[in-house]
Amino acid sequence: MAVSFEGKVAIVTGAGAGLGRCHALEFARRGAKVVVNDLGGSMDGSGGSSEAAQKVVREIEALGGQAIANGASVADEAGAQSIVDDAIRAFGTVDILVNNAGVLRDKSYRKLTLADLRLVVDVHLLGSAYVTKAAWPIMLDKGYGRIVMTTSSSGLYGNFGQSNYGAAKLGLVGLMNTLKLEGSRNNVHVNTIAPIAATRMTEGLGIPAAVFDRLKPELVTPAVMFLASEQAPTGTIIEAGAGYFAKVQIVEAKGVKLGDGATAEQVEAHWEQIIDMSEAVPMSQGSDVTRKIFT
Ligand code: NAI
């Protein structure tokens, strides 16, 4: 089935460069009217101008598409609201939101300052939460919405020197896990992309040139298009890079019920059973765990 965004309004944050730019261009190619948000700052979050967003708007217009630029920071509450307000003012509504904007302040945890921690959490986790908060009632009221969060393998699995980033990125999975429940009755679906792509964010990481060249950001965008489409699932994490696409899921082992008399020694004695993942299953919501324990 064709993935079309004809008649849809899509917001992409951090769309002045890298992955966000690719997503914005592809939404436009597939018929969406696009709000291109970008603060236009440097990778560590300093500086800013709306020129980056305006440049992508011009690219979309050159394709015959419709787009507007927004130069606000997602980490600013009023700025985040302005992104959704601009969508309403220019195009009347919002159907799709891709929370993509991001910065890095990589340091080992010993060297990380609390300012580095706060900035990264502010942009990735709170920034995504703020823009989502502004779009959420509109989507619920109209009975349609598609939101894509952007996580990272650094959050899902860890990466040396990225404690701030990893914490913020996995926080987005937590946000999705509850919003998927709160949105489902109103046809608002929330999914997450875990991209791997050659952008300015990854160019200093020492990835071999032959690999870096294959990690085209355009090869992440197809997964984002599907996760933002009418056919999209909800609550799904997809890892995507260089043409590879795979679902990621948190699962829980079968476990063991030691009962009221459980002791530390019994935990030790049953350790192999406790950590045996051969019969692990996913949980659709937190209360599933309580149900599992008591049935
Ligand atoms: P990028 O640095 O090329 O793009 C990020 C964009 O976000 C920039 O244009 C920047 O100006 C904008 N931005 C930063 N702070 C902002 C703010 N407060 N408000 C609005 N815009 C802001 O990096 P890339 O690689 O395209 O990253 C896009 C997303 O994908 C980020 O969330 C990143 O963490 C995530 N990601 C990227 C991976 C990769 O391999 N490139 C891996 C995993 C996650």
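Here are a few questions and answers on the ligand site and pockets of this predicted model.

User: Which pocket does the ligand sit in?
Analyst: Start with the space on offer: the largest pocket holds about 930 Å³, while the second largest pocket holds about 390 Å³. The ligand's place is the largest pocket.

User: How much of the ligand's accessible area does the protein cover?
Analyst: Look at the polar contacts to begin with. The side chain of Ser-73 has an N or O atom 2.9 Å from a ligand nitrogen, and a backbone N or O atom of Ala-197 is 2.9 Å from a ligand oxygen. On its own the ligand has 820 Å² of accessible area, and the share covered by the protein is 96%.

User: Which helices each supply at least two residues of the shell around the ligand?
Analyst: There are 30 residues around the ligand, with Asp-38, Asn-100, Tyr-165, Thr-199 and Arg-200 coming nearest. By class the shell has 13 nonpolar, 14 polar and three charged residues. The helices that each give at least two are H1 (18–29), H4 (114–142) and H6 (163–183).

User: Which element gives the most to the lining of the second largest pocket?
Analyst: This pocket is lined by 22 residues, and among those nearest its centre are Asn-177 and Lys-180. H6, strand E8 (244–248) and strand E9 (251–252) each supply at least two lining residues. With six residues, the top contributor is H6.

User: How many charged residues are in the lining of the largest pocket?
Analyst: The lining has 47 residues, including Gly-102 and Met-201 close to the centre. Split by class, 21 are nonpolar and 23 are polar, and the charged ones number three.

Technical notes. Residues are numbered from 1 along each chain as its sequence is written. This is a predicted model: local features need pLDDT of at least 70, side-chain atom pairs count only at pLDDT 80 or more; totals for chains, interfaces and linings use all residues. Side-chain values use heavy atoms; hydrogens and water are left out. A residue is near a molecule or strand if one of its heavy atoms lies within 4 Å of it. A polar contact is a pair of N or O atoms within 3.5 Å; within protein, one must be able to donate a hydrogen and the other to accept it, and residues adjacent in sequence count only if both atoms are side-chain atoms. Accessible areas come from the Shrake-Rupley method with a 1.4 Å probe; for residues, only the protein chains shown count as cover. On a 1 Å grid over the protein atoms alone, a cavity is a set of points where a 1.4 Å probe fits but cannot get out, and a pocket is an open set with protein on both sides within 12 Å along at least five of seven lines; lining residues have an atom within 4 Å of a point. A molecule sits in a cavity or pocket if more than half of its atoms lie within 2 Å of its grid points. Helices (H or I, at least four residues) and strands (E, at least two) are DSSP runs, numbered from the N terminus. Ala, Val, Leu, Ile, Met, Phe, Trp, Tyr, Cys and Pro count as nonpolar, Asp, Glu, Lys and Arg as charged, and the others, Gly among them, as polar. Grid points are joined across faces, edges and corners, and a volume is the space filled by probe spheres set on the points.
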